[in-house]
Structures are given as C-alpha cells and as structure tokens.
Amino acid sequence: MDHQKNEVILSGLTCANCAAVIEDKINKLPWVSEARFNLATQVLSLDMAEPGDSDLRKQELQDLIDRVEDGVVVMDREKQDSLKGGDHIVSSLKSRWGEITGAALFLFLVLFRDRSGLPGWAIVTFFGVSYLLIGRTVLWSALKNIRHGRVMDENFLMVVATIGAFAIREYPEAAAVMLFYQIGEYFQDLAVDRSRRSIRNLMDSKPGQVLVKLGEEIHEYAPEDVVPGMEILVRPGDRIPLDGVVTNGTGLVDTSALTGESYPRQVAKGAAVLSGFVCKESPLEIEVSHTLAESAYSRIIKMVEESSGRKARSEQFITSFARVYTPIVVVSALLLAVVPPLILQGALFSDWLYRALVFLVVSCPCALVVSIPLGFFAGIGTASRNGILVKGGNYLEALNTIDTVVFDKTGTLTKGVFQVSKIIPAEGVTSDDLLRMAASAEAHSSHPIAESIKTAWEEKSTIITLPDADTVEEVAGHGIRVVLEGKTVCLGKPSWIRELTGEKSAFEEDLSGTVIFLSSESRYLGAIVLSDELRADAEEAIASLQDQGIENMIMLTGDAENAASQVAAKLKLTSYKANLLPEDKVASLETLVQKGRKTAFVGDGINDAPVLARADVGIAMGGLGSDAAIEAADIVLMGDEPSRIATAIRIARRTRTIVLQNIILALGIKLAVLGLAAVGAAGMWLAVFADVGVALLAVLNSMRVLIFK
C-alpha cells in the first residue's frame, strides 16, 4: 500500500447500511486519516495517517469487514477493474443452495400439507426446517452482529419479527416472510448491480494492446508501458488509447465518449487528440504526449469514480436520519406489543405482538440509504455521458440553487482564437518593427494572444528570424517585460503602458477588439489590435440559462473595456466588468456572495483558478482549459461548449426530482404501513413490500436518471 493514499475493492459489498457501518469503523482505525467507500463502484479510498505493512493492513481490513458482512472480499484495485459489472450476483445465486432448497420445501408444504397426511408436529417441524434453510444467512448475520454490538439492523429486525410469528403459531407466514425478504434482497442487489453497470458502461475501461511504431515495424505494447515520445498506430474503428499529437494521416474522430459531441471531428497532422476518441475512417499515426495514468480518459474515469464519494446534503441527512429512525421504530414496536394489552380491556397480547412484528419488518431504512446515493451517482454518470464531469453529488445538488452565472470572456464565451486585425505603430516606428518586437516578446508563450501574434509574424515574414529575449518576466495582471537586443520592452494592458510612458492621446482612440500596447525604455511604441470570435453556442448558452430561470448572467474579464462591452451587448448579459486582475475577479464574486447570490463561475485560464475555487460551483472549460482551472473547478465541460451549463442544471434538477421522489415514496409507504400495522390492518406480506419492495422500486426509479436526453 502507498504510504499516503490507497484504493482497494470491497467485492460483493452491496448493502448500503453495512457499507456505512464499515466506512465508520475503518475511519476509527488509528492508521487511517480518512476512508470513503463508493457503493456504486465498490472502491474504498484510504488516506493513511502513517506508513505500515501493506499485507497486514489488508488483512486487518478483511477481519473488520468480516465482523460486519459475510462474503465481502478485500482485493487490490488492479486485480479487478471497478468499472466492469459485478459477477458476484451470479456466484451469489449459485451459493444460495440453502435458500432454494428451503423455498422448494416451503412451496411443497403450502400446496400439499392438507393432502399429505402428515401430523401437526411434522408440519411445524418442516416449516421450521424450511425457515432455517431460507433464513440461515440472515440468522447468522443477526447473531454475529449482536455479538459485535450491532443490534439495530435489518437482519435483527427480520429475525425478531419471524421468530415472533412462530411464537404466535403463524408458521407459514414466518417462513413466507423470510422467503420473500430474501427474494426481495436478491432482486434489490440485482437492480443495484445493473444500475452500477449501466453507469459504468457509459465509459469503457482502459484500452487493450497498443500498436507502437518502432522504425518500420509495428509492436504490441501494454498501454501502461507506452511512454511519451513513442509513436503509435490507430486503425479505423479503434479507440485512441493515449493522448498525443497526430504525426501522419487525416480523418474523422468520434469524440462523443469524452465531449458528448454528436458529430465527428476532423483531425490532421499537428492536431492534438485525446485518449477515448475513436478513429473513424483512416489510420492515424500519433506521437504520445501522456502516460496512461495521466491521459484524459484515465483522468475522467478517475473523476467519475471519485465523484460519488463527495456526498450531497440529502445523502448525509438520510444516513443520519436512518440511525435515529430505526431505534425509534423498534422502541415504538415494543411499546405497541406491551402497552395496549395492559390498558385496553379484552386486548390480546398475540394480536398486538403481531402488529409490533409488522412494525419491525417495515422499519428497515434500506430503500432510502441505497437509492439516494445511487440516484446521485446516476446523475453524475448521465452528466459524464453528455461531456460534463461533475466531481461530486454535493456539486450536482448545489447546481439546483444557482441563481447567478458569472463568465470569464476569452476562451469561455469567445473562442480564444485571435487574429491580428490592425497594427497601429507610434510615430517613428514601422508596423513590421512593432509586430517583430511583439512576436519576439511572446516567443515562448502558449497563450492564445501570443500564438496569434506569432502566427501573424510568420505569415508576414518567413525569412527574418526573431531575436531571442535575454530575459522574460511576467507582470501579474498587467503583461510581460522582456529584454530584447539590450532594450527593455513591455507588452500588455493600456493602463500599465500608460503608466510606464505617460502617453495619453494614443489611449483615447476607441479601438474595437482586444488591444495589446507596447513600450520600450519608457517610450510608447504602438498597439496591436486582435479580434476574437464568439463561441458558436454562446448565445444559445445565455438563452438556455434564461429558460432555466437564472436571474443574473455577468461577465468578469481582464480584457479591455471596448472588447468586453461588445461581447456583453451582443449576448445581452445582465452586466460586466472589464480590466480586472485575478484578485479583482475574486473581489467581484465576493460582492455577489455577500448579497446572498448563489454563484457559478465559468472560466478556462490559470488566472481563473482562484475565482473558480471561491464560487459556490466552479465550472471549467475542459478541452482548451488549463490544468489549474480544471483542478480548481467542481464541474468540467469537456466539449468547451458553454451551452452545456444549462444541460448540467437540467440533469441536476432531474436528479433532485428523482431523489425527492425516492424519499417521499420510501417514507410515505413506510409511514402508511406503520399506521395500518398499528391498527391491525397490515400483515407481514405488506410489511415485506414496504421494506424490500419499496427499496427495489426506489432503485429502479433512480435508474431513470440515466434516460436523460
């Protein structure tokens, strides 16, 4: 095990109550700093407080889990791909020989006991044998849990209720209740597993063998053995296994697994491609840029797996509620069995005991505990299928409360692909000299503006080489300062260059677009105007958010006032602020928060990371966005399409609706049956439905989130 973090699979753990208990007990281990179990992927994530022996710790985990739940196996993460379906359901069915035999004996007794001629004691004995065979795992779990101090769980409730039924001579009903409880539990496990596989199948697991070009020969490599710099071959129909750059070939790639885009994308030599894209029509040769662990596909899978570990408030509430709710119902059942026969004339203890037993069967909170996290995980899975990575159920839930969306401009609402549209040199400076100095200053920058200036120079002059800057200094929020051929050249925002030069008249002209100003040795040199296009879906994004009831749409940008005002006017934004430093963006967002606004911030650059982290929900543009922005954000848009923000909100609202339906369904039916049981109008059959039947319905309802279109 790693000394800091580790992940293991808890194969076969499907019980939500047991999972909560196990997670709680593991968190109390002295060498564990924090443990988080993901029921949907069966992954236990461990943050460890101190180093230790890997095998001993794994055995300690296994011993602890065995005291809570049988049949759960602790295994290393690499030994089981947690994104593949749980075969434990099939093996579980094979291991249930006792339940199947008991069920057959029970059916025989129900159908033929009156014609069998067996004496009464034999009938009772056979019902008892049937009961023991059917309920053996429940009985054993209840006894084991009592020994370890766990009393208030579903196993204990079922054992008390069915033994009570035997005590009042309801033998067939006791066996039947245990049988239908086991059937219900099996189908509930099956539904949970099917839901889990539906979510996992939204994305495939890691790629198979990779075709690596070594000279003129092709060799097969395991994907984890391929290193950056190697050249790989991807054939039509194959999934691109690793991030890289196309070195040979052109064609279409299907990007839907990562971005959710419905139309293929054309790529050619020099185009960056991500793992998970599918080569559609012709072979591509790709130079690998990232290892398997660092590739986009692996990172996305990791994000989706970890996301359900961050629990939404409703999940946390239900877990806490269940811990209080079950003991209250057990005490109520005890009072229901004892008090009425003592105070009501003619009341029979057996009648009220039966009602109390029904109370116990109904009280298990499994439907709530399992279906709610499953609902959120289904919502996260649906979002990922649509190219939206949500890092936790808490962020999905937070989207429901957003009333203000704040946008960065460049790379978010606009494409961030600039073109030099105008060069305005000062007196005594030529256009070529001005562009040459700007291109030299930006030579080692990958910022979109820098790339545009360099491209403009390359188009203008392919013969004259650019001088290398002796030093390059970034002045945060203002621009850059370089030393070129012994002279200090500054390139950046108008306010900074005005301050350096004292020049005023040149800054009074109303220039359309993004403007970069230059100075050298306190002398004003001129300006370069760049134009940037709106993203194709920017107007659709704003309209969709308005349709979703978002009250305020605000733009905060470091760009110039004129460029910002044009974009704000065209998109009909509520308001905007221009010429902002990163700390100014944070301050502006703080002002909104202090006014009680629930904010989402959408950005893509390194300078957006602080404000992304400060917003109630930070949303990063994942395709072109910086790693810092993606790391700081709570939600990542893989398609770089702002219109997907409205899609994310719709998914969040659908998820919340279904989760609320599950809460109302489970609590409503349970409370109704509890009420009917108290007045003697509900039997054990209805009680079993109110327990496992409702849990099954809630799980199936959670799967409806996956149908979102």
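Me: Two strands count as paired if DSSP finds at least two bridges between them, so what makes β17 and β18 a pair?

Reply: Strand β17 (residues 471-475) and strand β18 (residues 479-484) are joined by five bridges and run antiparallel, which meets the requirement of at least two bridges. Among the facing residues, Glu473 stands opposite Arg481, and Thr471 has Val483 as its bridge partner. The strands themselves are DSSP runs of E with at least two residues, while helices are runs of H or I with at least four, each numbered from the N terminus.

Me: What kind of model is this, and how are its residues numbered?

Reply: This is a predicted model, in which local features need pLDDT of at least 70 and side-chain atom pairs count only at pLDDT 80 or more, whereas totals for chains, interfaces and linings use all residues. Residues are numbered from 1 along each chain as its sequence is written, and side-chain values use heavy atoms, with hydrogens and water left out.

Me: Which strand pairs with β18 besides β17, and how are the two hairpins closed?

Reply: β18 also pairs in the antiparallel sense with strand β19 (residues 487-492), over six bridges, and Gly479 has Gly492 as its bridge partner there. The hairpin of β17 and β18 has three residues between the strands, and Gly477 takes a positive phi near 80 degrees; the hairpin of β18 and β19 has two residues between them, with Glu485 in the turn at a positive phi of about 50 degrees.

Me: Why is Leu580 called buried, and what does Leu580 touch?

Reply: Buried means under 20% relative accessible area, exposed means over 50%, and partly exposed lies in between, computed with a 1.4 Å probe on protein chains only. Leu580 has a relative accessible area of 11% and is therefore buried, although it is found in the loop between β23 and α19 (582-594). Contact means heavy atoms within 4.5 Å, and, leaving aside neighbours within four places in sequence, Leu580 is in contact with Lys493, Leu556, Thr557, Gly558, Lys585 and Ser588. Leu580 and Gly477 of the β17-β18 hairpin are 103 residues apart in sequence and 7.8 Å apart in space, C-alpha to C-alpha.

Me: What makes the arrangement of α22 and α23 parallel or antiparallel?

Reply: Axes are lines fitted to C-alpha atoms, for helices over the stretch in contact, and angles run from 0 to 180 degrees between N-to-C directions. Angles under 35 degrees count as roughly parallel, over 145 as roughly antiparallel, 65 to 115 as roughly perpendicular and the rest as oblique. The axes of α22 (residues 644-678) and α23 (residues 684-702) come within 10 Å and cross at roughly 175 degrees, and the helices are therefore roughly antiparallel to each other. The residues making this contact include Leu665 and Ile669 of α22 and Phe689 and Val694 of α23.

Me: How many residues of each class does the contact of α22 with α23 have?

Reply: The contact has 13 nonpolar, four polar and two charged residues, where Ala, Val, Leu, Ile, Met, Phe, Trp, Tyr, Cys and Pro count as nonpolar, Asp, Glu, Lys and Arg as charged, and the others, Gly among them, as polar.

Me: How many disulfides are there, and where do Cys279 and Cys490 stand, buried or exposed?

Reply: A disulfide is a pair of cysteine sulfur atoms within 2.5 Å, and a search of the whole structure finds zero of them. Cys279 is buried at a relative accessible area of 1%, and Cys490 is buried at 5%. Cys279 is also the bridge partner of Val253 in the pairing of β9 and β12.

Me: What makes β10 and β12 edge strands?

Reply: Three strands form an open antiparallel sheet in the order β10-β9-β12. β10 (265-267) and β12 (278-279) each have a single partner strand, so one side of each is left without a neighbour in the sheet.

Me: Which strands make up the six-stranded sheet, and why is Glu285 in β13 called buried?

Reply: The open sheet runs in the order β6-β5-β7-β13-β8-β11 with antiparallel pairing, and its edge strands are β6 (217-221) and β11 (272-273). Glu285 lies in β13 (residues 284-288) and is called buried because its relative accessible area is 16%. Among the residues that Glu285 touches are Lys213, Leu233 and Val245; Leu233 in β7 also stands opposite Leu211.
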